[in-house]
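Grab a coffee and work through these exercises with the model open beside you. Try each task before reading its solution.

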Amino acid sequence: MRYMATYDLMETMRNTNQWLGATARTMASYPAWSMIPNPAFQWMAAWGEVTERTFKRMVVKPDWGIRTFTCEDGKDHLVDIQTVVEKPFGDLIHFNVSGREEQPRKILLVAPMSGHYATLLRSTVKSLLVNCEVYVTDWHNARDIPVSAGKFDIEDYTLYLMDFMRHLGPDTNVVAVCQPAPLTLAATAYLAELDPDAQPRTLTLIGGPIDPDATPTDVTDFGRRVTMGQLEETMIQRVGFKYPGVGRMVYPGMLQLASFVSMNAERHSKAFNDQIVSVSRGEASDHDAHNRFYDEYLAVMDMPAEFYLSTVDRIFKRREIAKNEFVVAGHKVDMGKITRVAVKSVEGADDDISAPGQCVAALGLCTGLPDEMKASHVEPGAGHYGIFAGKSWRNNIRPLVLDFIDANAPGPKPAAAKPKPANTNAA
């Protein structure tokens, strides 16, 4: 019960700070105060506006914000987000561009379940939507899932991925980003053994901890330092009375957010101070760079406790994937069973979360796969976020991934985009 009380206490503190921000903004914005030439009122209103928005975003699931797409015909086509497989802990969704012919590349984008919503991959989806049929794993917030839905650990996660792959069929190209890379590799190997006709065509693993010990980072060192008992005692709580998942054991999103912020506390503090100054001067806007980033960054979701604990224990501590000893539903998964799924690893040279060497370890596990069906890439100067959503992804990694997909596609290859003619009328 004390864990439930602690969860409700965190929500009370968040709610109180949101209320304080709203109160300060409202009080300092009274027209009567404009007769007093004191900049303190402007600063107070700005502080209130930034504070209210900050704490409000922590419990709001961001919108995908992908409503239309301009196709080659020059027309804007509506984008309809359809749920094609619905499950208690996560759905498989499809970004259907209305009125557009079905694209030859079918991509399953496996989003991480690591504190943020799948919308963290918004820019990745938009970049792939240009000439691909895009499907995404949309994981649910554990606080909204009733206890009656049961548990959800890394074995359940793997089985979910297998069901999604089966539904999409063998012409699917799977792209796993960060945390799900090891489990996506395991799901592919499990399908290769039990249901070969359902395994995907290609598998691209981006910045994932296949072998966390290959190149240790602060994240992997933390997993080594703490005991499972310490994690369970300090990180796990019961969902409070406010949400449908009341009583479910979770790793709360706000605890995760506190960890995220503490890693770069000085940078985040400066960003918020600068934003308060910008708002007080009337230089900020609803969708400026600060709000676009933090509206997504601050929106966190609770993780099922059993998923978090089994990830730390089995992926990081015992390294079951790295040792090819992973067991799902009592069955030992052998990565060597992958014999006809082309596999590519992508890493960022400056990735401080999943450092170079951790993800490429997947290729060594695929002992049954010919060398010509393996590929790897290390992006110079790219950090963790940049390899799937930043400039490095847009300018270099995305084209390489699509080339890899096309190179392993049967029949005629998709035509490369024609360069635009030079503007001869330019001055």
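A residue is called buried when its relative accessible area is under 20%, exposed when it is over 50%, and partly exposed in between. Keep in mind that you are looking at a predicted model.

**Exercise 1. Decide whether E52 is buried or exposed, and list what it touches.**

Step 1: Find the residue. E52 sits in helix α2, which covers residues 39–57.

Step 2: Apply the cut-off. The relative accessible area of E52 is 18%, so this glutamate is buried.

Step 3: Look for contacts, skipping anything up to four places away in sequence. That leaves Q18, G21, A22 and R25 as the residues E52 touches.

**Exercise 2. Work out whether the overall dimensions of the chain fit a compact globule.**

Step 1: Start with the expectation. For 427 residues, a compact globule would have a radius of gyration near 22 Å.

Step 2: Compare. The protein chain comes out at 23 Å, which agrees with that expectation.

Step 3: Add the extents. The C-alpha trace spans about 75 × 70 × 35 Å along its principal axes.

Step 4: Check the inside and the outside. Buried residues make up 51% of the chain, and the accessible surface is about 19800 Å², with 55% of it belonging to carbon and sulfur atoms.

Step 5: Ask who touches whom. Of the contacts with a separation of 6 or more, 77% are between residues 24 or more positions apart.

Step 6: Count the parts. The chain has 13 helices and 14 strands. It also carries 44 positive and 52 negative side chains, and the centres of these two sets lie 2 Å apart.

**Exercise 3. Explain why strand β5 counts as largely enclosed, then find its partners.**

Step 1: Score the strand. In β5 (residues 133–139), 7 of the 7 residues are buried, so the rest of the structure largely encloses this strand.

Step 2: Sort the side chains by face. As background, side chains in a regular strand alternate between the two faces of the sheet. Here E133, Y135, T137 and W139 point one way from β5, while V134, V136 and D138 point the other way, and all are buried.

Step 3: Take the antiparallel partner. Strand β3 (residues 90–97) is joined to β5 by 6 bridges, with D91 opposite D138.

Step 4: Take the parallel partner. Strand β4 (residues 106–110) pairs with β5 over 4 bridges, and K106 stands opposite E133.

**Exercise 4. Do the matching analysis for strand β7.**

Step 1: Count buried residues. In β7 (residues 202–206) the score is 5 of 5, so this strand too is largely enclosed by the rest of the structure.

Step 2: Split the faces. T202, T204 and I206 lie on one side of β7, L203 and L205 lie on the other, and all are buried.

Step 3: Find the pairing. Strand β6 (residues 172–177) runs parallel to β7, with 5 bridges between them. In that pair, V174 has L203 as its bridge partner.

**Exercise 5. Which strands stand at the edges of the sheet that contains β9, and what does that leave open?**

Step 1: Write down the order. The open sheet has 3 strands, β8-β9-β10, paired antiparallel.

Step 2: Read off the edges. β8 (237–238) and β10 (303–304) each have a single partner strand, so one side of each has no neighbour in the sheet.

Step 3: Zoom in on one pair. β8 and β9 (residues 249–251) share 2 antiparallel bridges, and R238 has M249 in β9 as its bridge partner.

**Exercise 6. What do R319 and N324 have in common in location, phi and burial?**

Step 1: Locate R319. It is in the loop between α11 (305–317) and β11 (327–328).

Step 2: Locate N324. This residue is also in the loop between α11 and β11.

Step 3: Check the backbone. Phi is near 50° for R319 and near 60° for N324; each is a positive value in a residue other than glycine.

Step 4: Check burial. R319 counts as buried at 17% relative accessibility, and N324 is buried with a relative accessible area of 17%.

Step 5: Map the surroundings of N324. Leaving out residues up to four places away in sequence, N324 touches K332, V333, D334, M335, G336 and L365. Its C-alpha is 9.1 Å from that of A186, which is 138 residues away along the chain.

Methods. Residues numbered from 1 in each chain as written. Predicted model: local features only at pLDDT ≥ 70, side-chain atom pairs only at ≥ 80, totals over all residues. Heavy atoms only, no water. Rg over C-alpha atoms; globule rule 2.2 N^0.38 Å. Buried < 20%, exposed > 50% of the residue type's maximum accessible area, 1.4 Å probe, protein only. Contact = heavy atoms within 4.5 Å. Areas by Shrake-Rupley, 256 points an atom, 1.4 Å probe, with all protein chains shown as cover. Lys, Arg positive; Asp, Glu negative; His and termini not counted. Charge placed at Lys NZ, Arg CZ, Asp CG, Glu CD. Pairing = 2+ DSSP bridges.
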